[in-house]
Amino acid sequence: WFRFRWLPSLHWQVDVMLLATEVAGDGGVLLSGSLRRCPVTRSRGDGIEVVLWGCREDAQVVLSKYCANDAGMGASLAGPFAYLIVDHRDASIHLVRDRFGFVPLFYRVIGRTLFCSNSLREIAAIPPRPALDSTGLARYYLFRFVVPPLTIFEGVFQVPAGHRTTFCQGSIAVSAYAPYPVGNR
């Protein structure tokens, strides 16, 4: 693990992305992790931090769209993407995945720490190692993939395609956003 400093709009080319986000009672967030082979952009402003990977857009653009319309945020982006938004104003964390599920997005909560990654292997390697989930494993053998939000590991979930997972005040909410951008229907 290494910690990286926050720079206003920094681009990295990396391999596997793993973010550990610790949410303190005051809404403080610590981002750390290992990054490899995935284009990553980051931005922050007005009490909001954005980490975006697998996307053609810049994190600053996503930040401005979130400030303008946070409820319809995912619908305003096109193409493959996955992003994490930390909103310090209401101490919420949002994980959003593209509408077709091209960019994988997995998460796991251990205590007060949220781990999110585009790699199931990275999430499952975090101690304590999760046990196999019999329902997820059965779906994998039946369909050759696991229907979201389950994975083959207990306590490890994936954000379904076209959905947003919000962590706020100790609760988790999964909601769908508009399936297609306005004007492309």
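This section describes strand pairing, burial, backbone geometry and side-chain contacts in a predicted model.

Strand 10, spanning residues 113–117, is considered before the other strands. Because 5 of its 5 residues are buried, strand 10 is largely enclosed by the rest of the structure. T113, F115 and S117 point one way from the strand, while L114 and C116 point the other way, and every one of these residues is buried. This arrangement can be set beside the general pattern for strands. In a regular strand, side chains alternate between the two faces of the sheet. For C116 the relative accessibility is 0%, so the residue is classed as buried. Strand 10 is joined to strand 9 (residues 106–110) by 5 bridges, and the two run antiparallel. Within this pairing, Y107 stands opposite C116. The hairpin formed by strand 9 and strand 10 has 2 residues between the strands, and G111 there adopts a positive phi near 65°.

A further set of pairings involves strand 12 (residues 163–168). Strand 12 pairs with strand 8 (residues 92–97) in the antiparallel sense over 5 bridges, with I93 and F167 as bridge partners. Strand 12 also pairs with strand 13 (residues 171–176), again in the antiparallel sense, over 6 bridges. In that pairing, R164 of strand 12 has S175 of strand 13 as its bridge partner. Strand 12 thus has pairings with strand 8 and with strand 13. The hairpin of strand 12 and strand 13 has 2 residues between the strands, and Q169 takes a positive phi near 50° in this hairpin.

Strand 13 also contains V174, a residue that contributes to a nonpolar patch on the surface. The patch consists of V109, I172 and V174, which together have about 240 Å² of accessible area. With a relative accessibility of 44%, V174 counts as partly exposed. Residues enter such a patch at over 30% relative accessible area, so the 44% of V174 satisfies this cut-off.

Burial is also found in helix 1 (residues 59–68), where A59, V62, L63 and Y66 are buried. These residues lie on the same side of helix 1 because they cover an arc of only 105° around its axis. The general geometry of helices provides the context for this spacing. An α-helix has 3.6 residues a turn, so residues three or four places apart point the same way.

Several backbone features occur in loops. P127 and P128 are joined by a cis peptide bond with omega of about -5°, and P128 is located in the loop between helix 2 (120–124) and helix 3 (134–143). A cis peptide bond also joins P148 and P149, with omega of about 10°. P149 belongs to the loop between helix 3 and strand 11 (156–158). R144 is likewise in the loop between helix 3 and strand 11. Although R144 is not a glycine, its phi is positive, at about 70°. R144 has a relative accessibility of 58% and is therefore classed as exposed. D46, another residue that is not a glycine, has a positive phi of about 55°. The position of D46 is in the loop between strand 5 (39–45) and strand 6 (48–53), and its relative accessibility of 64% places the residue in the exposed class.

Strand 11 itself contains Q158. Q158 is buried, with a relative accessible area of 10%. The C-alpha atoms of Q158 and V146 are 9.6 Å apart in space, the two residues being 12 apart in sequence.

Side-chain contacts were examined for salt bridges and disulfides. The salt-bridge count is 1, formed by the side chains of D87 and R89 with an N to O distance of 2.9 Å. The cut-off for such a contact is within 4 Å, so the 2.9 Å separation of D87 and R89 qualifies. D87 is buried at 2% relative accessibility, whereas R89 is exposed with a relative accessible area of 53%. The search for disulfides over the whole structure returned 0. Of the cysteines, C67 counts as partly exposed at 35% relative accessibility, while C116, at 0%, is buried.

Conventions. Residues numbered from 1 in each chain as written. Predicted model: local features only at pLDDT ≥ 70, side-chain atom pairs only at ≥ 80, totals over all residues. Heavy atoms only, no water. Buried < 20%, exposed > 50% of the residue type's maximum accessible area, 1.4 Å probe, protein only. Disulfide = S-S within 2.5 Å. Pairing = 2+ DSSP bridges. Helix = DSSP H or I, 4+ residues; strand = E, 2+ residues; numbered from the N terminus. Patch = residues over 30% accessible without salt bridge, like charges linked within 9 Å, V, L, I, M, F, W, Y side chains within 5 Å. Areas by Shrake-Rupley, 256 points an atom, 1.4 Å probe, with all protein chains shown as cover. Arc of directions from axis to C-beta.
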